[in-house]
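Visitor: I would like to learn how to read the features of a model such as this one. Could we go through them one at a time, beginning with confidence?

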Amino acid sequence: MFKVEEFLTKIEEQEIVSAIKIAEKNTSGEIRVHIESTSKIDIYERALEVFSLLKMGATKDANGVLLYVAVNDKKFVICGDEGINNVVSKDFWDTTKNAIQNQFIKGNFKQGIIDGILKAGEELKVHFPWQTDDEDELSNEISKG
Ligand code: CA
Ligand code: CA
C-alpha cells in the first residue's frame, strides 16, 4: 500500500506543478491534479465529486480539467467541465489517457501525470487557446485527499 504522501516526492510534486504551468501557457483551460489513496465510491463519481469540492466549475469558459488519481486503486480519471464537453468529440481525452496509462503501467507515476498534463494542454489549445488577458483561475498546486 502506498501512502499518498509517499506517492510522489516533494521534487516530483514541483515538477508536476511546473508541467501545469507549462500546459496553461498554451490554453485558457485550467488543469488540476488530485491524488488520494483510494476511492470509496465509483471512481468516475468520485472524480466529479472532487471536481465540485475543488470548485473547479468556477472558470469563465467552463474549461477546468481534473486529473484524479486513486493511488492504491491504481486508477485514474480525467474529466473536464461542460465548456469542454460541449465542443469536443467523445474521444477527445483518449490521447491524454493513453499518455498517462503508458507510464503508469511501467510504474512511472510522476511521468504519467506530467505527460497527461502536457497532452491535455495540447488538446485544450485547439478549442481554448491561451489569451493575453488570461488569468490563473485555478490553483496549480496538487490537491490531496
Ligand atoms: Ca488560465
Ligand atoms: Ca491554473
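Guide: This is a predicted model, and its confidence is lowest in helix 1, at a mean of 82, and highest in helix 3 (residues 43-53), where the mean is 98. Over the protein, the mean pLDDT is 94, and 99% of the residues reach 70 or more. Where pLDDT is low, predicted coordinates should not be read in detail.

Visitor: Turning to charged side chains, how many salt bridges does a search of the whole structure find?

Guide: Side chains of opposite charge can pair when their charged atoms come close. The search of the whole structure finds 7 salt bridges. One of them joins the side chains of lysine 110 and glutamate 15, at 2.7 Å from N to O. That pair links distant parts of the chain, with lysine 110 in helix 6 and glutamate 15 in helix 2 (residues 10-23), 95 residues apart. Lysine 110 counts as buried because its relative accessibility, 18%, falls under 20%, whereas glutamate 15, with a relative accessible area of 32%, is partly exposed.

Visitor: Which residues are joined into one network by salt bridges that share partners?

Guide: Arginine 46 forms a salt bridge with glutamate 36, and the closest N and O atoms are 2.8 Å apart. This pair links arginine 46 in helix 3 to glutamate 36 in strand 1, 10 residues apart. The side chains of glutamate 49 and arginine 46 also meet in a salt bridge, at 2.5 Å from N to O; being 3 residues apart in helix 3, these two are separated by about one helical turn. Salt bridges that share partners thus join Glu36, Arg46 and Glu49 into one network. Within this network, arginine 46 is buried, with a relative accessible area of 14%, and glutamate 36 is buried at 6%, while glutamate 49 counts as partly exposed at 36% relative accessibility.

Visitor: How should I read the aromatic rings, and how many aromatic pairs does the structure hold?

Guide: For each pair, one reads the distance between the ring centres and the angle between the planes. The structure holds 4 aromatic pairs. Among them, phenylalanine 7 and phenylalanine 109 form a tilted pair, 4.9 Å centre to centre with 45° between the planes. The two rings link distant parts of the chain, phenylalanine 7 lying in helix 1 (residues 4-7) and phenylalanine 109 in helix 6, 102 residues apart. Phenylalanine 7 is buried, with a relative accessible area of 7%, and phenylalanine 109 is buried with 18%. The rings of phenylalanine 92 and tryptophan 93 have centres 4.6 Å apart and planes at 70°, so this pair is edge-to-face. Ring pairs also link Phe7, Phe76, Phe104 and Phe109 into a cluster.

Visitor: Finally, which residues coordinate the calcium ion (ligand 1)?

Guide: A metal site is read from its donor atoms, bearing in mind that water is not among the atoms, so sites may look incomplete. The calcium ion (ligand 1) is coordinated by Glu30 (OE), by Asp134 (OD) listed twice, and by Glu135 (O), at 2.1 to 2.8 Å. Along the chain, these donors follow the spacing E-x103-D-E. Glutamate 30 is in strand 1 (residues 30-36) and aspartate 134 in the loop between helix 6 (109-127) and strand 4 (143-144), 104 residues apart. Glutamate 30 counts as buried at 1% relative accessibility, but aspartate 134, at 26%, counts as partly exposed.

Visitor: How far apart are the calcium ion (ligand 1) and the calcium ion (ligand 2)?

Guide: The two ions are 5.5 Å apart, and glutamate 30 coordinates both.

Methods
Residues are numbered from 1 along each chain as its sequence is written. Chains are lettered from A and ligands numbered from 1 in the order in which they are written. This is a predicted model: local features need pLDDT of at least 70, side-chain atom pairs count only at pLDDT 80 or more; totals for chains, interfaces and linings use all residues. Side-chain values use heavy atoms; hydrogens and water are left out. Donors are N, O and S atoms within 2.8 Å of the metal (3.2 Å for Na, K and Ca); water is not among the atoms, so sites may look incomplete. Helices (H or I, at least four residues) and strands (E, at least two) are DSSP runs, numbered from the N terminus. Buried means under 20% relative accessible area, exposed over 50%, partly exposed in between (1.4 Å probe, protein chains only). Rings of Phe, Tyr and Trp (its six-membered ring) pair if their centres lie within 6.5 Å; planes under 30 degrees apart count as stacked, over 60 as edge-to-face and the rest as tilted. pLDDT is the predictor's confidence in each residue, from 0 to 100. A salt bridge is a side-chain nitrogen of Lys or Arg within 4 Å of a carboxyl oxygen of Asp or Glu.
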